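Welcome, and please open your viewer. We will go from stop to stop, with something to select at each one and a note on what is there.

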Amino acid sequence: MEQTNSLSVFSTRKEERLNSGVGDQISVRRYNAVMLLTLLWGFLVNTVMVYYFAIPIMRMLSGVGPLWIFIGYFVLAIAGIAISARSANPWISFLGYNLLVLPIGVLLCLILPGIPVAIVTKALLLTGIVTATMTLLGLVAPNVFLGMGRTLFIALIVGILAELVATFLFHYSGTAFDWIFVVLFSGYIGYDVAKSQIYPKTVDNAVDCALDIYLDIINIFIRLLALLSRKE
């Protein structure tokens with residue numbers, strides 16, 4: 001319960017800052033362009049890391065225990081999210097965004113080399129289809145998604161806790177949670193896209209909204225990879 005309350009407080013503070021409108025206002029077109037370019041930057045960095053640095057990263061981390069890798073990933077990712085959420089300076093928020101993108105890139109470097117290219121390609125295609133569909137729905141029917149925020153948040157927390165219990169206490173390794181999180185983060189794409197359009201149009205808000213959508217997309221991609229790999 002304390003962990004849930006802490007996440008709720010963190011989310012509330014970020015929401016207050018996004019609604020504050022600190023910084024110069026820009027046009028809707030420029031705002032969405034900044035958000036899209038920020039997203040593409042994150043995916044470009046991840047692609048370069050996987051394509052050029054996967055083997056060196058795997059070798060560098062070969063002697064590091066999984067626990068330390070997880071701790072390093074968790075610390076950098078949380079630091080990036082916190083920096084982006086707390087800052088009204090777009091460059092500092094962009095730094096926070098990159099602190100999230102880099103550990104996710106390392107995670108992908110550890111995961112993707114062991115998965116057949118056909119499965120990775122299929123997961124990318126499906127992720128693109130889901131992202132495009134939910135983005136369009138979030139823009140066309142924003143009120144539908146804006147009313148889902150609290151439900152999505154509670155479902156996410158319950159899902160994370162349930163998966164931890166099922167995995168570590170009952171050694172569950174099925175696909176149920178992967179499907180649940182694909183659905184949840186698909187809903188989150190629609191929600192985060194809809195929310196992004198009601199915030200004051202500043203460069204900093206565009207970067208912060210891009211971070212949220214980036215996380216949604218990456219989570220869908222990783223879960224689809226797991227589902228397709230098990231299917232094979």
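## First stop: helix H8

Start by selecting helix H8: 17 of its 21 residues are buried, so the helix is largely enclosed by the rest of the structure. Keep in mind throughout the tour that this is a predicted model. H8 runs over residues 176-196. From its first C-alpha to its last, the helix reaches 30 Å, close to the 30 Å expected at 1.5 Å a residue.

Now pick out Ile189, which is found in H8. Is Ile189 buried or exposed? With 0% relative accessibility, Ile189 counts as buried, because the cut-off for that word is under 20%. For a sense of distance, add Leu18 to your selection: 171 residues separate Ile189 and Leu18 along the chain, and their C-alpha atoms are 17 Å apart.

## Next: the loop before H8

Step back to the loop between H7 and H8, and select His171 there. What is unusual about the backbone of His171? His171 has a positive phi, about 55°, although it is not a glycine. In contrast to the buried Ile189, His171 is exposed, with a relative accessible area of 65%.

## The largest nonpolar core

Time to go inside. In soluble globular proteins, nonpolar side chains tend to be buried together. Here, the largest nonpolar core has 55 residues. Select Tyr31, Met35, Leu100, Tyr214, Phe221 and Leu225 to show the residues with the most contacts inside this core.

Which elements should you colour to see where the core comes from? Those that give two or more residues to it are H2, H3 (66-86), H4 (90-111), H5, H7 (149-168), H8 and H9. H9 provides the largest share, 15 residues.

## The second largest pocket

Leave Phe221 selected, since we meet this residue again here. The second largest pocket holds about 500 Å³ of space. It is lined by 18 residues, and the closest to its centre are Thr47, Leu112, Val120, Leu124 and Phe221.

Show helices H2 (28-60), H5 (117-140) and H9 (203-231) next, as these are the elements that give two or more residues to the lining. Which of them gives the largest share? That is H5, with 6 residues. Colour the lining by residue type and you will find 13 nonpolar residues, 5 polar ones and no charged ones.

## A charged residue in H9

Stay with helix H9 and select Arg223, which is found there. Is Arg223 buried or exposed? Arg223 is buried, with a relative accessible area of 16%, because that value falls under the 20% cut-off. Now draw a distance to Thr127: the two residues are 96 apart in sequence, and their C-alpha atoms lie 9.8 Å from each other.

## Two partly exposed residues

Move to helix H2 and pick Val48. With a relative accessible area of 31%, Val48 is partly exposed. Draw a line from the C-alpha of Val48 to that of Gly63, which is 15 residues away along the chain, and the separation is 23 Å.

Then go to helix H6, residues 142-146, and select Pro142. Pro142 is partly exposed too, at a relative accessible area of 28%. Val130 makes a handy partner for a distance: Pro142 and Val130 are 12 residues apart in sequence and 17 Å apart in space, C-alpha to C-alpha.

## Last stop: the cysteines

To finish, select Cys109 and Cys209. Cys109 counts as buried at 0% relative accessibility, and Cys209 counts as buried at 3%. How many disulfides does the structure hold? The number is 0.

Key. Residues numbered from 1 in each chain as written. Predicted model: local features only at pLDDT ≥ 70, side-chain atom pairs only at ≥ 80, totals over all residues. Heavy atoms only, no water. Helix = DSSP H or I, 4+ residues; strand = E, 2+ residues; numbered from the N terminus. Expected span 1.5 Å × (residues − 1). Buried < 20%, exposed > 50% of the residue type's maximum accessible area, 1.4 Å probe, protein only. 1 Å grid on protein atoms, 1.4 Å probe; cavity = no way out; pocket = protein on both sides within 12 Å on 5 of 7 lines; lining within 4 Å. Points joined across faces, edges and corners; volume = space filled by probe spheres on them. Nonpolar A, V, L, I, M, F, W, Y, C, P; charged D, E, K, R; others polar. Disulfide = S-S within 2.5 Å. Core = buried A, V, L, I, M, F, W, Y, C linked by side-chain atoms within 4.5 Å.
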